[in-house]
Amino acid sequence: MEAIRNIYAQMGISDVVYQYGEEIVNHLQERFAAIDQTAEYNQLKVLKAMQDNQVSEACLLGTTGYGYNDLGRDTLEKVYADIFHTEDALVRPQITCGTHALALALMSNLRPGDELLSPVGKPYDTLEEVIGIRRSKGSLAEYGVTYRQVDLLEDGGFDWEGIRAALNEKTRLVTIQRSKGYQTRPTLSVARIGELIAFIKKIKPDAICMVDNCYGEFVELSEPSDVGADMVVGSLIKNPGGGLAPIGGYIAGKAECVENAAYRLTSPGLGKEVGASLGILTQFYQGLFLSPTVTAGALKGAIFAANVYENLGYPVVPNGTESRHDIIQAVTFGSPEGVIAFCEGIQAAAPVDSHVTPEPWEMPGYDAKVIMAAGAFVSGSSIELSADGPIKPPYAVYFQGGLTWQHARFGILKSLQSLLDKKVILADDVEKAKEKLRKSAK
Ligand SMILES: *Cc1c(COP(=O)(O)O)cnc(C)c1O
């Protein structure tokens, strides 16, 4: 459409980049239709949980002080429990982030002498200090909880024999990370998580299976709690907050697990009874309501990005055609200039701080400089369009989010334009990639 093309031009997207994007989108119609179906199902799942629990205007008000009898908070937790098909849930602004939610779930359900097992390799960076893989004050290791890890096989498969050998009389909790996070292993589908849990439960029925569900919510029709997980844990400034929640985390699962977490979050004896929701509940409810379609938009953006860069010859994980189980996209540029230009493009596409230029900096906890692009309404929110890349080989960027598909699309085009402007990629190559695609369509 002429008007769309014109406004892209006004916003700095050259004709060759725009046309290439059009060609990519034409190739993705079938996949996008499937994503829309998943979103439709999950939209109704969320709506049904809200209706079944009679979410009312009074639920949006919130409380102050101790927060006894906070109707909105208690109802929201029932809504989450219904969506995840669990006995109970803890959904709180007092849970400050995803790491905190995971730490809470672990520390409240493990006791001194217990062992924690990760059968899917190294967990997310920030959990290393929680567990004590890297020394830290207050880690599980300090409290006498030991840790064992079984890596995935070379091909990404589970090491069944290794897992069998690692399970022992001390194993109390098994942590399974759904998303690859910032690693190159594959993300686990809900079905594969189900197989893994079934295997573990057969050997050790009383082991608590916890899934780090970050970035995975509403990507599929079912959740890990539908296939045997005793707890699913995540951050509200990712998928389930729908971009509106300004803080928060959740733990949904078996009543006993959730109760343990509540007793740890507030205090033994008080548990879920306290914790005022202040004025935040409308954003929690409304964000959850929008989450299935917001997640769908982010997913389309990730697939679009994979195809845009794969067709230009860059390695992408996941690749352009494989099925998706989270919203993260990795693209390897092979040079610092590529990583920087990509992130500059993403930043320039933001609704907030689009005028600033991101620069690589020494981030705590990382062994190389990292560049981050984030022009978000909620600081650090990664359901919003965002990217980051460590400035070290293989020079890959990790891209995720976009509150709308239209914005994610614009962001990716802006990143490509930035790579063209910096002459990391030549306009000619984009033109050739487009022609090749056009021919393959015929
Ligand atoms: C983001 C993330 C976390 C940690 O969440 P924060 O909110 O950044 O603390 C943990 N695990 C995975 C897989 C994540 O993607």
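1. In this predicted model, the search for enclosed space yields one cavity of 30 Å³ or more. The largest cavity holds about 50 Å³ of space. Its lining consists of S118, V120, G121, K122, P123, L127, T175, I176, Q177, R185 and D212.

2. Which element gives the largest share of the lining of the largest cavity? That element is strand β4, spanning residues 171-177, with three residues. In chemical terms the lining is mixed: four residues are nonpolar, four are polar and three are charged.

3. An open site deserves separate comment. The second largest pocket has a volume of about 290 Å³. The residues lining this pocket are M1, I4, I7, Y8, M11, Y18, E22, W405, Q406, H407, R409 and F410. Two or more lining residues come from each of the elements α1 (2-10), α2 (15-27) and α12 (405-421). Helix α12 provides the largest share, five residues.

4. By class, how many nonpolar, polar and charged residues does the lining of the second largest pocket have? The count is eight nonpolar, two polar and two charged residues. For the largest cavity, the corresponding figures are four nonpolar, four polar and three charged.

5. The nonpolar interior is the next point. In soluble globular proteins, nonpolar side chains tend to be buried together. Here the largest nonpolar core comprises 60 residues, and those with the most contacts inside it are Y20, F304, Y309, L312, F342, L416 and I425. Helix α10 (residues 281-310) supplies ten residues, the largest share of this core. Another core, lying apart from it, has 43 residues, including L76, A166, V174 and V211.

6. Y309 merits a closer look, being one of the residues with the most contacts inside the largest core. With neighbours within four places in sequence left aside, Y309 is in contact with Y314, V316, V331, F333, F342, I412, S415, L416, L419 and I425. Among these partners, F342, L416 and I425 are also listed with the most contacts inside the core.

7. The final point concerns the domain arrangement. The protein is divided into domain 1, made up of residues 2-41 and 292-441, and domain 2, residues 62-288. Between the C-alpha centres of domain 1 and domain 2 the distance is 29 Å. Across the boundary, 25 residues of domain 1 are in contact with 26 residues of domain 2.

Definitions and conventions:
Residues are numbered from 1 along each chain as its sequence is written. This is a predicted model: local features need pLDDT of at least 70, side-chain atom pairs count only at pLDDT 80 or more; totals for chains, interfaces and linings use all residues. Side-chain values use heavy atoms; hydrogens and water are left out. On a 1 Å grid over the protein atoms alone, a cavity is a set of points where a 1.4 Å probe fits but cannot get out, and a pocket is an open set with protein on both sides within 12 Å along at least five of seven lines; lining residues have an atom within 4 Å of a point. Grid points are joined across faces, edges and corners, and a volume is the space filled by probe spheres set on the points. Helices (H or I, at least four residues) and strands (E, at least two) are DSSP runs, numbered from the N terminus. Ala, Val, Leu, Ile, Met, Phe, Trp, Tyr, Cys and Pro count as nonpolar, Asp, Glu, Lys and Arg as charged, and the others, Gly among them, as polar. A nonpolar core is a set of buried Ala, Val, Leu, Ile, Met, Phe, Trp, Tyr and Cys residues joined through side-chain atoms within 4.5 Å. Buried means under 20% relative accessible area, exposed over 50%, partly exposed in between (1.4 Å probe, protein chains only). Contact means heavy atoms within 4.5 Å. Domain bounds come from an automatic or database domain assignment.
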